[in-house]
Every structure is written in structure tokens, then in C-alpha cells.
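Reader: I have a structure open and a few short questions about it. Can we go through them?

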Amino acid sequence: METVLSGIRSTGNLHLGNYYGALRNFIKMQEEYQCFFFIADYHSLTTHPNPHEMHGNVRNVLTEYLAAGIDPDKATIYVQSDVPEIPELYLLLNMHAYLGELSKTASFKEKARKQPENVNAGLLTYPTLMAADILIHNAHKVPVGKDQEQHLEMTRKFARRFNNFYQVEYFREPAAFNFGEDLLKIPGLDGSGKMGKSEGNCVFLADDAKTIEKKVKRALTDAGPTTPNSTKPDYIENLFTILKVVSTPEVVTHFEEKWNTCDIRYGDLKKQLAEDIIRATSPIRERIIDIQNNEAYLAKVTKEGAEKARISAAKTLREVREIMGFKKF
Ligand code: TYM
């Protein structure tokens, strides 16, 4: 059976981008693949989170993973820092990762621009840690949103380079994967680029109905089209992109037609959009409330997940060390 591996950084609550970009398909994949889903808490350290918030953040992502439908009896779900084989593989892979390529990565350049006072080595080697996450289980497929495509390409490059350097056919070259669909980029509500935790433009899975209505109402619009069949400005296209993932095709067609005939009323569009987001997220929100205080359940899931993940991780690390020439006295 093919192996699927994916992760979510523990830097805050999960939003619609995470859900439609990646998580929703994780839920389908756990039925057909051997799945490893983890919470990337080491990755969150690159932005120096408050230590008092670290555990709460991991707990939120874990709760929301489970509430969204990841089933620990079907998939292996674990916390990255519970698997020490990952940072060891990261160290080994770093010996074959070069400054030139790491500093050219789009995510590095963006973060270096955003946090010029904190351009740390973890930020630079973020793609190697991500490669270690994936290669530690020698995964075939990696479900991600469009924003992670370049990191996947680097993972393939590191895998190929390792194989070439040590003259082995050991690591697989993992493919980005969205269950047969194109990789998605869910936009934010502010008319700018993608929905993201650090952009302040998110609808969170844990948001209640009132909050969702308020956020959608505030989304940027304009006076409406004046020419039939005109091209939509980005901020309007973004609302349609979100509508396409939460609503039925009939609803989308209805508003497309209204747009094309210049009869669109943004108030109606927003009302429908908020309603459909609420319909999609409220069952998840209810389960979040159910699970979040169940200490015993969360402890059991992470303990069993780490045990399962470490069996697979230890095997890879043992073989990699052997290939690289380590021997016991
Ligand atoms: P992260 O935590 O930013 O996002 C988790 C997943 O959600 C997807 N995503 C989106 N998809 C579509 N539209 C959006 N607006 C949007 N925002 C987020 C991301 O593509 C991702 O699939 N580096 C990763 C975490 C990670 C990882 C890994 C992923 C660490 N190691 C190994 C896969 C494999 C990250 O920061 O994702």
C-alpha cells in the first residue's frame, strides 16, 4: 500500500485554507492509503513563539485535526517533536543541502523580508526539515496546498541527491498530491493573496456563526460590474473561489450569471457564502468543543501515534545511517 505523509504547522487555529487546501483530502486518503499525519511543532519555532503558547497551539491543531475527521484508528497521527528520528535525519540531510539553494527558496525570501530581525538558520533550513518529515517514512505522496509545491520539489531534489551521492536507490521522490485534483490555493477575505494564519484574513474552523458572518460581511467588494461578462477583479474572484469549495455548483452558476448580467448584489452573495461556510464548518466546530477538554483521549492518541510513527522512522534512520557509513563498536 502506498504511503501518504502530511503535516500542519502548529502556529494557530486551522482555517478554511488548511481545510480545503489539504485537510479535507486527508480524510478521504486515510481510507485508501497508509497515512501519517503530524503536527509540525518544530517548524513553528522559526518564528519564535511564546513558550507558554507552544503546547496550547499543538493541542489546538491536534483537536482540530481530529474534529475535522482524521481517525487515529485509520491514520497515524503524531506530534513531530515526539519522534526524535526526524531531527536526526534533518541533521544528516543538512550535510547535503547547500546555502545557495536554501537561500533562494521563495518561503525563505518571504520570511526574511517579513522578519528581518530574525533570519535564523532554522528558517533557512526549513525545506530540509520538511524533507526529513517526508523521507523519514519514505512517503509516496504528500497532500499539500499550492503554497507548498516548491518545498516538495526540494524534497525530491534532496532524495535524488542522496541516492546519487551514495549510489543507492533508497529514497523515493515523493509527489505533491490532492486526491486527483489540482493543488488549491484558497484566498483570504481581504482581497490579497492566500488565506494564511499570519495574514489576518482567515475564517477559522473554530469560528462561530456570528464571527463568520461578520468576517464575510467585511470582505472587500465594490460598486459592481457595469459591463456584461466582464473579468472579475481579484477580490471578487476570491469570493467566488471560496464559494466554489463551500457551495453547490448550482449556487455558483447562479451568482456567475448574476455577475455576467450585472445584476449581482454583493449582500446576497455574502449572505449565501457565510451560510455555506457555516454549514460546512459547524459540525467540525461542535466536535472541537467535544474533544478539546478530553485530556485522556488526546494523550492516548498522541502516545499511540508516536509509537507507530517511530517504528517506521527508526527503520529508515537505521538504514540511512548504514548507507552513510555509521557502524557500532
Ligand atoms: P501550513 O501549516 O502552512 O499549512 C498546512 C496545509 O494547509 C495548506 N494550506 C493551504 N492550502 C490552500 N490554500 C491556502 N490558503 C492554504 N494555507 C495553507 C498547506 O499547503 C499545507 O498543506 N510547511 C508546511 C507544514 C509541513 C509539511 C511537512 C507539510 C511541515 N512538514 C511535510 C507536508 C509535508 C506548512 O507550513 O503548512
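Reader: How much area do domain 1 and domain 2 bury between them?

Author: About 750 Å², with 73% of it on carbon and sulfur atoms. Buried area here is the accessible area (1.4 Å probe) that two parts lose on being put together, summed over both. In domain 1, L16, Y20 and A67 lose the most area to domain 2, together 60% of what that side buries.

Reader: Before I go on, what sort of model is this?

Author: This is a predicted model, where local features need pLDDT of at least 70, side-chain atom pairs count only at pLDDT 80 or more, and totals for chains, interfaces and linings use all residues. Residues are numbered from 1 along each chain as its sequence is written, and side-chain values use heavy atoms, with hydrogens and water left out.

Reader: Where are the domain bounds?

Author: Domain 1 is 3–185 + 294–324 and domain 2 is 209–289; the bounds come from an automatic or database domain assignment.

Reader: How many salt bridges are there between domain 1 and domain 2?

Author: Zero, counting a side-chain nitrogen of Lys or Arg within 4 Å of a carboxyl oxygen of Asp or Glu.

Reader: Now the ligand. Which residues are closest?

Author: R9, Y126, D133, D147 and I186, out of 28 that surround the ligand (a heavy atom within 4 Å).

Reader: What does Y126 do with its side chain there?

Author: An N or O atom in the side chain of Y126 is 2.7 Å from a nitrogen atom of the ligand. For R9, a polar side-chain atom lies 2.7 Å from a ligand oxygen atom.

Technical notes: Polar contact = N/O pair within 3.5 Å; in protein donor to acceptor, adjacent residues only side chain to side chain.
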